[in-house]
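Student: Could we go through this one together, starting with the sheet and then moving on to the helices?

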Amino acid sequence: MGDLKQHSLIKAQERLRDQVGHALRAALIAGELRPGSVYSAPGLAAELGVSATPVREAMLDLAREGLVEPVRNKGFRITEVSERDLDQYTELRTMIEVPTVAKVTRIATREQLEELRPIAEEIVTSAREHNLIGYLEADRRFHLTLLGLAGNDRLVETVGDLRKRSRLYGLTGLDEAGKLVTSAEEHVELLDLMLAGDAEGAEECMRRHLGHVRSLWAEARDEPVGRPTSTGLGSGL
């Protein structure tokens with residue numbers, strides 16, 4: 001029985017670590033954790049109402065994704081992304097995703113493509129309901145699932161990594177202004193073009209969509225964010 005109790009304890013710790021990671025990602029997206037700023041695990045833990053251990057573990061997970069970097073004896077610095085970085089990430093995604101969309105248009109079955117419709121509609125609904133976390137999660141699932149239909153796992157991993165490194169900061173203001181809805185609706189447009197067998201149209205739509213996303217990055221970076229002395233995380237765990 002002792003082993004079972006230990007197993008249950010480990011599972012509970014893993015769930016708390018995941019919950020903390022989710023909260024920290026939400027704070028990154030909202031701009032509550034500011035690029036370039038250093039945050040300590042105990043300080044974040046106090047705001048979240050948990051111990052420092054799951055916060056430290058969650059931050060190490062974020063470090064492996066390139067979202068933060070450890071600072072010796074201080075905590076973790078939120079990594080900054082330059083305009084040049086964003087341009088290069090967009091160029092790489094365009095080089096990969098545009099031709100892959102054309103390929104998938106030609107080889108995927110109608111049933112496979114229709115399975116993406118609920119996700120595309122979820123992206124739009126999340127944007128209209130100002131659900132940023134839901135929006136970004138559904139967007140991630142749509143793009144990576146679509147690319148997966150090409151049958152190249154390494155390609156999906158590469159784009160997944162590029163998406164993490166080109167994450168959006170401070171989207172709250174853009175969301176409140178309704179500027180994410182247009183980008184969200186492009187997923188439905190893309191899917192309709194693919195279902196119609198229009199590979200060229202799908203390529204153009206994807207190219208336009210990635211350019212649109214890049215412009216949103218630029219706007220998000222110009223949005224004012226919260227005070228540097230507080231994350232605004234609260235204790236919502």
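Student: How many strands form the sheet, and in what order?

Tutor: This is a predicted model, in which local features need pLDDT of at least 70, side-chain atom pairs count only at pLDDT 80 or more, and totals for chains, interfaces and linings use all residues. Residues are numbered from 1 along each chain as its sequence is written, and side-chain values use heavy atoms, with hydrogens and water left out. Three strands (DSSP E runs of at least two residues, numbered from the N terminus) form an open sheet in the order β1-β3-β2, with antiparallel pairing (at least two DSSP bridges between two strands).

Student: Which are the edge strands?

Tutor: They are β1 (38-39) and β2 (68-71), each of which pairs on one side only.

Student: And what is the bridge partner of V38 in β3?

Tutor: That is R77; β1 and β3 (residues 75-78) pair in the antiparallel sense over two bridges.

Student: Switching to helices, how do α6 and α7 cross?

Tutor: The axes (lines fitted to C-alpha atoms over the stretch in contact, with angles from 0 to 180 degrees between N-to-C directions) of helix α6 (residues 117-128) and helix α7 (residues 132-148), helices being DSSP H or I runs of at least four residues, come within 8 Å and cross at roughly 160 degrees. That makes α6 roughly antiparallel to α7 (an angle over 145 degrees).

Student: Which residues make the contact?

Tutor: With contact meaning heavy atoms within 4.5 Å, α6 contributes I119, A120, E122, I123, S126 and A127, while α7 contributes G134, Y135, A138, D139, R141 and F142.

Conventions:
Angles under 35 degrees count as roughly parallel, over 145 as roughly antiparallel, 65 to 115 as roughly perpendicular and the rest as oblique.
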